[in-house]
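Here are some short exercises to work through with the structure open beside you. Try each task before reading its solution.

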Amino acid sequence: MTILHLRRARTSLVLDARGPGLPRVVHWGGDVGDLDDDGLRQLTDATVPPVVPSAFDEPPVLSLLPEASAGWGGRPGLAGHRDGRDWSTAFRLDDLDVDHTADGAARVTVRASDSAAGLALTIEVTLDRYGLLTVRHRLRNDGDSAYELRELTPVLPVPPVATELLDLTGRWCRERSPQRHPWQQGAWVREGRHGRTGHDATLLLVAGTAGFGFGHGEVWAVHTAWSGDHVTFAERRPTGESTVGGGELLAPGEVRLGPGESYETPLLYAVWSDVGLDGLSDVLHSHLRARPGHPRSPRPVTLNVWEAVYFDHDLDRLRALADRAAQIGVERFVLDDGWFRGRRDDTAGLGDWYVDEGVWPDGLQPLIDHVTGQGLQFGLWVEPEMVNPDSDLFRAHPDWLLAVPGRLPPAWRNQQVLDLGRPEAYAYVLERLDALLTEHPGISYLKWDQNRDLTEAGHHGRPGVHGQTLAVYRLFDQLRTRHPSLEIESCSSGGARVDLAILARTDRVWASDCNDALERLSIQRWTGLLLPPELVGTHIGPQRSHTTNRVHDLGFRAATALFGHHGIEWDIASISTAEQTELAAWVALHKRLRPLLHGGRVVRVDHPDPAVWAHGVVGSDKTQGVYAVARLATSATPSPGAVRLPGLDPVRRYRVRPVSDVPLPASIDRSTLAWLADGVVLTGAALARVGLQMPALHPEQSLVLEVVEAGWKKLRSGCRERCGLLLPHCESTEGGAQV
């Protein structure tokens, strides 16, 4: 065979496929340059570890699927058996294909087999034009008896310069909490056993050089794209090897491959950057935005009525909310929980997906007509994977539950899980959703919720999370096929189902049930590590948060919600005229900035004061940007010092000033800083390396800054002597200069 070198967007992957076994990963990370065959051979040979005392006579091989037969003593890539036999493999390479796709990606397909174990393996590795690497394994049982699969996990090497690990954890209403520690010997394993992605799921597991931040350091990261039980890990061996990987977490007996049957792993997404965490996000956001199914139309400003009415559905009140929403500039109106039969609280009704005739005697159409008549889109909340024991569906089909025979799983929000692996249960849910959308063509959006973990999730007496996850994917796919213009939000007790597999089927996620702006700053910052702003629902909640009881002024709530798929979760029919005017101004500001916010590069600021956070979005052509500077708490010093604004073109000049569309925070006195009144014009380099002194914001206040490239002026010859130190390149036109 040969040595392969895949290169895209400053990223290299080098695979040694010369041996009889599976290809060895020589390098994954920064571009190693234009190496010819001899250069690749020398690089590959120079990276083979030495033979050391009291060890194997030949150095172990870390292939795309680590095997004990190759001397690998770390986490195995494959675990399984055939009645206690064939538990160890020694795959031999059969053939290898390299092709280049129409979208600029390079793909390697490896085919291997172990005839003694009766197994065939296909590995697909793709490096896209942005530098994003994906790995997927497929295992086929070629034996004459069943093979029980316990684990099949893609693994990638990381060099020893990566000495720190960062991942995310959390809980309900506090998703995406970062945790960081030195990477020492042993395995750091993150397992999700929720039957869904989980509030505590790490979107990315990041390994990096010491002290890496948003804008500096070399980092390697992986994401497991799976919405069921999963594992993501980092391992450092005493022998020196360091690896990261991830895949599906299988329960005993969950996947048994009969003769000729196959199993395919979730995609493992892997990304490298030498400019810190923002570099990882650049690659991931670019990849997601290039997907054929990525939302292309402007993301509608959304009013969700949950925190306005809860279960108190009244047609006149909802019409009034829609009227006020239209006045404020809202573009989508979503009717949340409580519209279907028996649903007067959260103890009953799930599964009975028929409009409640007692609450809606004329059906939903009068409200839909009123909303769409105001020029708004209409959306509806559903939770089709669940059932309440107090429902007609449960009483008719108690055997349709995902459960161990003979007992119910522990109750969670008074609900259980429908076993969508049962064809009859699946058909019922699909028929109900299809009928609902067909009978009400005005419904263009579903807020699809999933409000509990899958506990003791049994299917016909066997573990059922794997089958349930695939059935849910089929349900999304089939519904979207029948209703191609339908948009769907993934909500799962807030942010418990956020991953790239569910986002292949949905148009945005609800990052958290917490609309507290202070909590949301962190939740959105770390959700944005994986997802671009247009895929993350960010709403302005009430003045007093119903999850934390904390009170915030409108400016802080609105500035936090500005950077995402914007919306409102508030009883706007009861707000004052002044609040309505200010809210409408924030909505208009978002609409004005929306092309930038939903198409630009996300930047997050490494500021030494933990009480001051800053972040922004810079346009792809670097002619404009918008930043928010937030004070989270009091600081040790009266002023946080200058705040840097990274991401701009270092040689261009920009005018920076507070946005004029909305009021400044009440604590700001424009006279205290000269630049607040008229703005300041500086180069991108000065803004990134020196920054601006910020006003003394009170805790839980934000200042939004707009950055626009300063106009070019033709000056007479000789100006270079005056400005050359600032703009050494300025002599760019004949007979004059541009500054």
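For sorting linings by class, Ala, Val, Leu, Ile, Met, Phe, Trp, Tyr, Cys and Pro count as nonpolar, Asp, Glu, Lys and Arg as charged, and the others, Gly among them, as polar. Keep in mind that the model is predicted.

**Exercise 1. Find the largest cavity, name the elements that line it, and sort its lining by class.**

Solution. Start with the cavities of 30 Å³ or more: the structure holds seven. The largest of them has a volume of about 240 Å³. Next, look at its lining of 17 residues, where Q524, R525, F563, V602 and H615 are the closest to the centre. Then turn to the secondary structure: at least two lining residues come from each of α9 (517-527), β33 (601-604) and β34 (612-618). Finally, sort by class, and you get nine nonpolar, five polar and three charged residues.

**Exercise 2. Describe the largest pocket, and work out which element supplies the largest share of its lining.**

Solution. First the volume, which is about 1,000 Å³ for the largest pocket. Its lining has 42 residues, and the closest to the centre are R136, L267, Y269, H287 and A504. Several elements supply at least two lining residues each, among them β7 (119-127), β8 (133-141), β20 (267-273) and α2 (277-289). The largest share comes from α8, with five residues. By class, this lining divides into 19 nonpolar, nine polar and 14 charged residues.

**Exercise 3. Check whether the length of helix α8 agrees with its number of residues, then list its buried positions.**

Solution. Helix α8 covers residues 465-482, which makes 18 residues. At 1.5 Å a residue the expected span is 26 Å, and the end C-alpha atoms are 26 Å apart, so the two values agree. For burial, the cut-off is under 20% relative accessible area. The residues of α8 that are buried are V465, H466, Q468, T469, A471, V472, Y473, L475, F476 and L479. A helix of this kind has 3.6 residues a turn, so residues three or four places apart point the same way.

**Exercise 4. Lay out the sheet that contains β3, then find what β3 gives to the second largest pocket.**

Solution. Three strands make up this open sheet, in the order β1-β2-β3, with antiparallel pairing. The edges are β1 (3-8) and β3 (24-30); each has a single partner strand, so one side of each is left without a neighbour in the sheet. On average, neighbouring strands are turned by 10 degrees against each other, direction ignored. Between β2 (residues 11-16) and β3 there are six bridges, and R24 in β3 stands opposite D16.

Now the pocket, whose volume is about 830 Å³. R24 appears again here: with T47, P49, L62 and E241 it is among the closest to the centre of the 34 lining residues. β3 gives the most to this lining, with five residues. The classes are 22 nonpolar, seven polar and five charged.

**Exercise 5. Which strands stand at the edges of the sheet β10-β17-β16-β13, and what is the bridge partner of V189?**

Solution. The sheet is open, has four strands and pairs in an antiparallel way. Its edge strands are β10 (155-157) and β13 (186-192); each has a single partner strand, so one side of each has no neighbour in the sheet. Seven bridges join β13 to β16 (residues 230-236). In β16, F233 is the bridge partner of V189.

How values were computed. Residues numbered from 1 in each chain as written. Predicted model: local features only at pLDDT ≥ 70, side-chain atom pairs only at ≥ 80, totals over all residues. Heavy atoms only, no water. Pairing = 2+ DSSP bridges. Axes fitted to C-alpha atoms, helices over the stretch in contact; angles between N-to-C directions. Expected span 1.5 Å × (residues − 1). Buried < 20%, exposed > 50% of the residue type's maximum accessible area, 1.4 Å probe, protein only. 1 Å grid on protein atoms, 1.4 Å probe; cavity = no way out; pocket = protein on both sides within 12 Å on 5 of 7 lines; lining within 4 Å. Points joined across faces, edges and corners; volume = space filled by probe spheres on them.
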